Amino acid sequence: MVNIEEIRKEFPILESRIYDKPLVYLDNAATTQKPKCVIDTISNVYTTMNSNVHRGVHHLSQVATTAMENSRETVRKFIGAKHSHEIIFTRGTTESINLVASSYGNTLLKEGDEIIISAMEHHSNIVPWQLLHARTGVKFRVIPLTGNCKLDIEAYKGMFNEKTRLVSVTHVSNVLGSTNPIKEIIDIAHSNDVPVLVDGAQSIPHKKIDVMELDADFFAFSGHKIYGPTGVGVLYGKELWLETMQPYNGGGEMIKSVRFDKTSFNDLPYKFEAGTPDYVGIIALGKAIEWVNSLGIENIAAHEHELTRYAVEQLKTIPEMRIFGEPDGAAVSFLTGDIHPADLGTILDRLGIAIRTGHHCAQPLIDHLGIPGTARASFAVYNTKKEIDALIQGIKRAVKMFTQC
Ligand code: 7TS
């Protein structure tokens, strides 16, 4: 079990007052707040070991390099990867997916080949494939949704043909807060000899991930959604794929030798890490994961599931409430009567309550639902039922304001 009051003390920002009200931060799917140990790590790295990594013989460079590589090992263990060289540091989920779209796409795909994505993807798992299509003529097909906003697995099974080269789907929807049957999705793809990229942006903070058990070919996530700093993310890729793929960023560290007539690339993982990496952020991400490990991801998940269950139950007590999909993770999307989500978000903000409103960078899903957007409350380990009560009171107040107009 986790002690929420003790955990909250580790997050300085949770002490904030917004419009003289205590902050109720329910926008964790966008980014989580940071515990003091992560904030201190950033300061400590700059204070005690700042030096560019991998290139220096001097002491500081070696200390920084060791700390960065320790983070890679921490990530490897956290997601159950076989080798630490299968962990590529990127700027976030978006860059990780773009890396695959560019490197896998440029190396292994040709005009007419097909990729399968789904109707509930974040724009970060749509636009890279559109760009690939514009460059190469590779097409993508979209898994449709069933009436209750689940992926239509029967339709998915029928989408494979001899041209299918990759499946790229989200593990957990950032809009609906629902979990896709990712193991089944992977097994179906593999039975067709097709590899799978999992967008883990919304699952990594809330679920135990074991990429080997899932048999995922690629797994992408962002550090800032799991209590780590912004600007750092991860692409896990099976060695076989990463060895085969050409790098798409050129520059320092990703080379073995450079001549004007020929460049040879570095070994994994450095082949895909051109330029000075955000080693400060990477070291702080390692700290964030250690912090999550100290609580236990299963304990975090149990608390968040209970919050989500409670939020859904309480939201349903409000007349004209519509909840979209079947949230089973740590986010819930809703609309109340005719109140525009942006208006609701603004009223809640004045009460110190931070939720997110709009299309959540998943416009095709919002279009499918035939709505202007949703209001979304999303939870982290430091949230409490008292905060959900504040949200419910805030929504009721907004409803009252609108019915009086
Ligand atoms: N994929 C999913 C499923 C996401 O939820 C997000 C961010 C991304 C990819 C992109 O992550 P990034 O760190 O590279 O930006 N989702 C959200 C959100 O729901 N609200 O703000 C960002």
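Which residue is the bridge partner of Ser333 in strand 17? That partner is Arg376. The structure is a predicted model, and its protein chain is assigned to domain 1 (4–30 + 297–404) and domain 2 (39–294). The points below treat the two sheets and then the interface of the domains.

**The sheet of 4 strands**

- Four strands make up an open sheet with antiparallel pairing, in the order 13-14-17-16.
- Strand 13 (321–323) and strand 16 (356–358) are the edge strands, each of which pairs on one side only.
- From one strand to the next, the twist averages 30°.
- Within this order, strand 14 (residues 331–336) and strand 17 (residues 374–378) are joined in the antiparallel sense over 4 bridges.
- The pair named at the outset, Ser333 and Arg376, is a bridge involving strand 17.

**The sheet of 7 strands**

- A further open sheet consists of 7 strands in the order 4-10-9-8-7-5-6, and its pairing is mixed.
- Strand 4 (87–90) and strand 6 (139–143) are at the edges with a single partner strand each, so one side of each has no neighbour in the sheet.
- Neighbouring strands here are turned against each other by 20° on average, direction ignored.
- Strand 5 (residues 114–118) and strand 7 (residues 164–170) run parallel and are joined by 3 bridges.
- Ile116 has Val167 as its bridge partner in strand 7.
- Helix 4 (residues 93–108) lies across several strands, among them strand 4, strand 7 and strand 8 (196–199).
- Strand 9 (218–222) and strand 10 (233–237) are also crossed by helix 4, which runs at about 150° to strand 9.

**The interface of domain 1 and domain 2**

- The centres of the two domains, taken over C-alpha atoms, are separated by 29 Å.
- Domain 1 contributes 36 residues to the contact, and domain 2 contributes 30 residues.
- Between them, the domains bury about 2,500 Å², of which 58% is on carbon and sulfur atoms.
- On the side of domain 1, Ile297, Glu326 and Leu365 lose the most area to domain 2, together accounting for 24% of what that side buries.
- The interface holds 1 salt bridge.
- Lys150 and Glu326 form a salt bridge in which the closest N and O atoms are 3.1 Å apart.
- Polar contacts between the domains number 17 residue pairs, counted where both residues have pLDDT 80 or more.
- Helix 11 (297–315), strand 14, helix 13 (363–369) and strand 17 each supply at least two residues of the side of domain 1 that touches domain 2.
- Helix 13 provides the largest share of that side, with 6 residues.

Technical notes
Residues numbered from 1 in each chain as written. Predicted model: local features only at pLDDT ≥ 70, side-chain atom pairs only at ≥ 80, totals over all residues. Heavy atoms only, no water. Pairing = 2+ DSSP bridges. Axes fitted to C-alpha atoms, helices over the stretch in contact; angles between N-to-C directions. Domains from an automatic or database assignment. Contact = heavy atoms within 4.5 Å. Buried area = accessible area lost by both parts, 1.4 Å probe. Salt bridge = Lys/Arg side-chain N within 4 Å of Asp/Glu carboxyl O. Polar contact = N/O pair within 3.5 Å; in protein donor to acceptor, adjacent residues only side chain to side chain.
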